[in-house]
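User: I'd like a close look at one part of this fold, going strand by strand and contact by contact. Please start with the pairing at the core of your answer and then work outward to the salt bridges and the pocket.

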Amino acid sequence: MRYFLELAYNGKNYFGYQIQPNQISVQEVIEDRLSKILRKQISIVAAGRTDTGVHAKKMFVHFDYEEELTAEIIKKLNSFLPKDIAVYNLFLMDEEAHARFDATSRSYNYFISPFKDPFSYESAWIFNRELNVDKMNEAAKLLIKQGDFGSFAKLHTDVKTNICDVREAFWRKNENNQFVFQITADRFLRNMVRAIVGTLVEVGLGKISIQEFNDIIEQKNRSSAGASAPAHGLYLVDVQYSKELFKNELK
């Protein structure tokens with residue numbers, strides 16, 4: 001039977017989600033704890049791979065297990081997992097459901113704190129220079145399309161295409177007076193959101209114009225875009241699937 005786990009993690013202490021040689025990863029920790037609880041070697045597949053230091057408020061992984069499970073596994077997992085990884089829900093899925101390939105959209109938030117804040121220096125980019133957020137929002141609208149986003153992709157990766165369908169991209173202020181960039185697409189390239197944020201900040205500083213931002217998108221060249229924003233301000237916040245894939249939530 002195929003199961004989905006809904007979970008969250010603070011990426012500060014991990015070298016990304018995916019297993020890395022000689023480095024600790026989120027995947028390694030979850031597989032280790034799950035395998036010990038179920039007394040069988042379990043492999044998990046995630047909706048995506050977050051980079052070193054990036055967080056996830058809502059991530060899904062799938063795994064196969066021949067016996068029927070109950071929500072009791074959530075309590076057991078949470079008691080064995082470190083404090084920076086938490087499991088929230090367990091779902092019985094269609095046997096062909098795939099956490100990565102069946103995801104219809106993914107959403108990220110990036111947090112910028114425009115003032116020194118001792119409570120968010122590890123969870124947001126502390127950036128106390130004045131930003132023109134109206135211009136950043138105007139530039140962000142240019143991202144909403146299906147197109148080649150190679151200008152914001154990490155170089156020398158094994159992806160077959162840089163085509164993404166970006167469905168929303170905008171800045172807002174939250175209750176803590178932080179600037180929050182929200183972006184949703186069918187898929188994301190490695191380092192894509194951080195590269196977009198870094199380039200939009202250059203728009204906000206007046207270093208590049210909105211037209212120049214559009215030219216950067218069209219050039220499909222990573223060297224033409226700005227530097228990547230720091231990893232610790234980035235969060236995967238949502239992953240969507242077709243409801244038909246879910247047989248039921250186990251309680």
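Analyst: Let's start with Ala56, which sits opposite Leu236 in β10. Keep in mind that this is a predicted model. That pair belongs to a parallel match between β3 and β10, held over two bridges. β10 has another partner as well: β5 runs antiparallel to β10, and six bridges join them. One residue pair to look for there is Asn109 with Tyr235, its bridge partner in β10. So how enclosed is β10 by the rest of the structure? Largely so, because five of the seven residues of β10 are buried, which here means under 20% relative accessible area.

The link between β3 and β10 also shows up in the side chains. Asp238 and Lys58 meet in a salt bridge, with N and O 3.3 Å apart. Asp238 is in β10 (residues 234-240) and Lys58 in β3 (residues 55-64), so this contact joins distant parts of the chain, 180 residues apart. Lys58 comes out as partly exposed, because its relative accessible area is 23% and the buried class stops under 20%.

That is one contact from a longer list, since the structure holds nine salt bridges. Here's the general idea: side chains of opposite charge can pair when their charged atoms come close. Another case is Lys12 with Glu122, where the N to O distance is 2.7 Å. Lys12 lies in the loop between β1 (2-9) and α1 (26-38), while Glu122 is in the loop between β5 and β6 (125-126), and the two are 110 residues apart. Both ends are partly exposed: Lys12 has a relative accessible area of 49%, and Glu122 has 37%.

Glu218 and Lys145 make a further salt bridge, and their closest N and O atoms are 3.0 Å apart. Glu218 is in helix α5 (residues 210-219) and Lys145 in the loop between α3 (133-140) and β7 (146-148), so the pair ties together parts that are 73 residues apart in sequence. Again both ends are partly exposed, Glu218 at 40% and Lys145 at 27%. Then there's a small network in which salt bridges link Asp32, Arg33 and Lys36.

Now for the pocket. The largest one has a volume of about 1000 Å³. Its lining is made of 38 residues, and Gly48, Arg49, Arg100, Phe188 and Arg190 are the closest to the centre. β5, the antiparallel partner of β10, turns up here too: β2 (45-46), β5 (105-113) and α4 (192-204) each give at least two residues to the lining. α4 has the largest share, with three residues. Sorted by class, the lining splits into 16 nonpolar, eleven polar and eleven charged residues.

To finish, a look at Glu175, in the loop between β8 (163-173) and β9 (179-185). Is Glu175 buried or exposed? It counts as exposed, because its relative accessibility is 70% and the class begins over 50%. If you want a sense of scale, compare Glu175 with Val45: they are 130 residues apart in sequence, and their C-alpha atoms are 34 Å apart in space.

Key:
Residues are numbered from 1 along each chain as its sequence is written. This is a predicted model: local features need pLDDT of at least 70, side-chain atom pairs count only at pLDDT 80 or more; totals for chains, interfaces and linings use all residues. Side-chain values use heavy atoms; hydrogens and water are left out. On a 1 Å grid over the protein atoms alone, a cavity is a set of points where a 1.4 Å probe fits but cannot get out, and a pocket is an open set with protein on both sides within 12 Å along at least five of seven lines; lining residues have an atom within 4 Å of a point. Grid points are joined across faces, edges and corners, and a volume is the space filled by probe spheres set on the points. Helices (H or I, at least four residues) and strands (E, at least two) are DSSP runs, numbered from the N terminus. Ala, Val, Leu, Ile, Met, Phe, Trp, Tyr, Cys and Pro count as nonpolar, Asp, Glu, Lys and Arg as charged, and the others, Gly among them, as polar. Buried means under 20% relative accessible area, exposed over 50%, partly exposed in between (1.4 Å probe, protein chains only). A salt bridge is a side-chain nitrogen of Lys or Arg within 4 Å of a carboxyl oxygen of Asp or Glu. Two strands pair if DSSP finds at least two bridges between them.
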